[in-house]
Amino acid sequence: MTTLLKSATIIDTSSPYHYQTKDILIVNGKISEIATTIQQEPSYKTIKLNNLHVSCGWFDTSVSFGEPGYEERETINNGLEVASKSGFTAVAVNANTNPVIDSKSDVEFLINKATKSATNLFPIGALTKGSKGIDMAELFDMQQSGAVAFGDYNKSITNDNLMKLALLYAQNFDGLILSFPQNNSIAGEGIVNEGINSTRLGIKGSAALAEHMQIARDLYLLEYTGGKLHIPTISSTTSVQLIKEAKKKGLQVSCSVSAHHLTLIDDELDFFDSKVRVTPPLRTKSDTKALLKGLKDGIIDVITSDHNPIDIEHKKLEFSLAKDGTIGLESLFGTVNSVLDIETTIKALTINPRAIFGQESITIEKDTVANLTLFNPEGISVFSKENILSTSKNSAFTGKELKGKVYGIFANKKLVLN
């Protein structure tokens with residue numbers, strides 16, 4: 001198949017065509033020509049879209065699908081289709097399934113389910129067996145089968161020695177360890193940010209201190225052991241500062257922030273809407289400002305949707321009884337594009353996640369494999385239920401204004417348009 005993208009503005013700092021508007025010709029999955037004008041042929045599939053922009057394919061480093069075990073939330077096939085139409089050519093999938101992804105065969109199951117998709121699936125294996133935090137899982141076997149990192153999704157490793165051993169052991173095969181930033185003893189039964197709003201509304205609060213203490217512990221362990229540590233979905237000002245200081249020391253630490261922690265604050269709790277019940281909890285305006293600055297300064301490496309579909313039986317409940325989590329693939333770009341410049345956004349969705357999760361870098365240049373996201377960075381719209389492609393509808397962004405539009409992707413020799 002030959003595909004011609006007409007008048008596409010290229011956003012890729014590693015490409016000689018950065019910020020230039022060009023025609024891009026793709027033949028058999030490779031970019032064969034980039035020029036100001038390329039003559040159309042009847043055999044070409046020609047794509048002309050309003051204010052078309054093209055970047056290297058986006059990579060979301062924290063995505064949850066239900067399968068296996070929770071297919072009513074999201075199957076792998078549907079989840080990958082959602083990812084493709086939301087602009088992602090790659091997703092790292094968490095291990096929070098039933099059974100938990102904690103063995104070689106589990107990793108192979110996920111990879112085999114995704115072989116026909118335009119979007120690549122990279123499994124994150126559980127760090128501990130059953131994600132119970134007791135015994136280390138077979139990390140090397142999972143890595144050999146295709147796991148790109150190891151972590152217990154949204155579960156803290158309370159055993160200090162276990163985390164120390166994991167960081168030491170993973171160095172034998174250059175493995176990446178994930179540690180969810182929450183000290184359970186401090187967090188207690190809190191379900192929202194501890195502060196003025198939790199007190200005013202009478203909801204049990206979880207202090208940001210719980211996040212700070214866990215990050216501080218993990219950084220001390222990393223300094224002692226060496227290795228590579230990724231801290232997913234940080235949410236507070238002090239967390240940014242702790243990671244900044246660790247990077248100054250030369251530690252191999254990286255971190256991500258979710259789109260909802262960049263743009264939503266705990267004022268959302270006024271409506272007791274369970275869709276905004278997430279982990280970590282939404283913080284304050286000063287925290288969102290610090291997170292945005294952390295991204296611009298290069299302290300925070302990655303933006304993630306932290307896509308976590310929850311079925312209506314477990315989400316449409318009284319706030320205190322509902323499960324944590326929001327979907328976010330469909331709304332990620334429009335959300336972060338409204339608060340960040342385009343270069344910072346694209347870097348946090350392309351260059352950084354690929355480097356951290358051990359994937360080859362890509363660029364937009366002649367004779368390279370086409371791995372592209374198509375989008376329009378302009379235009380305001382209101383995110384509604386009609387925009388939700390996921391099986392579960394638990395979006396914290398329903399009714400919110402978003403900036404820009406995702407058209408789709410070209411990857412794995414496939415064009416997927418939304």
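**Exercise 1. Asp-306: buried or exposed?** Decide this for Asp-306, then place the residue in the chain and describe its backbone.

*Solution.* Asp-306 has a relative accessible area of 4%, so it is buried. This is a predicted model, so please read every value here as computed from it. Next, find the segment: Asp-306 sits in the loop between strand E15 (302–304) and helix H11 (312–315). Finally, look at the backbone: phi of Asp-306 is positive, about 45°, although the residue is not a glycine.

**Exercise 2. Phe-272.** Find the loop that holds Phe-272, and work out which burial class this residue belongs to.

*Solution.* Start with the location: Phe-272 is in the loop between H9 and H10. Its relative accessibility is 41%. Buried means under 20% and exposed means over 50%, so Phe-272 counts as partly exposed. Now check the backbone: Phe-272 has a phi near 50°, a positive value in a residue other than glycine.

**Exercise 3. Two cis peptide bonds.** Go to Pro-99 and Pro-280 and describe the peptide bond that leads into each one.

*Solution.* Take Pro-99 to begin with. The bond from Asn-98 to Pro-99 is cis, and its omega is near 10°. Pro-99 belongs to the loop between strand E7 (88–93) and helix H2 (104–113). Now move on to Pro-280. The bond from Thr-279 to Pro-280 is cis, with omega near -10°. Pro-280 lies in the loop between helix H9 (259–263) and helix H10 (285–296). Phe-272, from the previous exercise, is in the loop between H9 and H10 too.

**Exercise 4. How do helices H7 and H8 pack?** Use the crossing angle of their axes to name the arrangement, then list the residues that meet.

*Solution.* Helix H7 covers residues 209–225 and helix H8 covers residues 237–248. Their axes come within 9 Å and cross at roughly 10°. Angles under 35 degrees count as roughly parallel, so H7 is roughly parallel to H8. On the H7 side, the contact involves Glu-211, His-212, Ile-215, Ala-216 and Leu-219. On the H8 side, their partners are Thr-238, Ser-239, Leu-242, Ile-243 and Ala-246. By class, this contact has six nonpolar residues, three polar and one charged.

**Exercise 5. Thr-225.** Which residues does Thr-225 contact, leaving aside its neighbours within four places in sequence?

*Solution.* Thr-225 is part of helix H7. With 9% relative accessibility, this threonine counts as buried. Beyond its sequence neighbours, Thr-225 is in contact with Lys-164, Leu-167, Leu-168 and Gln-171.

**Exercise 6. Glu-330 and its surroundings.** Establish where Glu-330 lies, how accessible it is and what it touches.

*Solution.* The loop between H11 and helix H12 (332–336) holds Glu-330. Its relative accessible area is 14%, so Glu-330 is buried. Not counting residues up to four places away in sequence, Glu-330 touches Val-82, Ser-86, His-307, Phe-383, Asn-387, Ile-388, Leu-389 and Ser-390. One of these, His-307, is 23 residues from Glu-330 in sequence, and the C-alpha to C-alpha distance is 9.2 Å.

**Exercise 7. Gly-146.** Describe the location, accessibility and contacts of Gly-146.

*Solution.* Gly-146 is in the loop between helix H3 (139–145) and strand E9 (149–150). At 27% relative accessibility, Gly-146 counts as partly exposed. Not counting residues up to four places away in sequence, Gly-146 touches Val-107, Ile-111 and Pro-123. For a distance exercise, try Ala-355: Gly-146 and Ala-355 are 209 residues apart in sequence and 16 Å apart, C-alpha to C-alpha.

**Exercise 8. Pocket and cavity.** Describe the largest pocket and the largest cavity, with the residues that line them.

*Solution.* Begin with the pocket, whose space is about 680 Å³. It is lined by 29 residues, and the closest to its centre are Tyr-153, Asn-154, Lys-155, Lys-323 and Asp-324. The pocket lining divides into 11 nonpolar, 11 polar and seven charged residues.

Then turn to the cavities: the structure holds five of 30 Å³ or more. The largest cavity has a volume of about 140 Å³. There are 17 residues lining this cavity, and Ser-62, Asn-94, Tyr-153, Leu-178 and Pro-232 are the closest to its centre. Its lining has six nonpolar, nine polar and two charged residues. Tyr-153 appears in both lists of residues closest to a centre.

Conventions. Residues numbered from 1 in each chain as written. Predicted model: local features only at pLDDT ≥ 70, side-chain atom pairs only at ≥ 80, totals over all residues. Heavy atoms only, no water. 1 Å grid on protein atoms, 1.4 Å probe; cavity = no way out; pocket = protein on both sides within 12 Å on 5 of 7 lines; lining within 4 Å. Points joined across faces, edges and corners; volume = space filled by probe spheres on them. Nonpolar A, V, L, I, M, F, W, Y, C, P; charged D, E, K, R; others polar. Axes fitted to C-alpha atoms, helices over the stretch in contact; angles between N-to-C directions. Helix = DSSP H or I, 4+ residues; strand = E, 2+ residues; numbered from the N terminus. Parallel < 35°, antiparallel > 145°, perpendicular 65-115°, else oblique. Contact = heavy atoms within 4.5 Å. Buried < 20%, exposed > 50% of the residue type's maximum accessible area, 1.4 Å probe, protein only.
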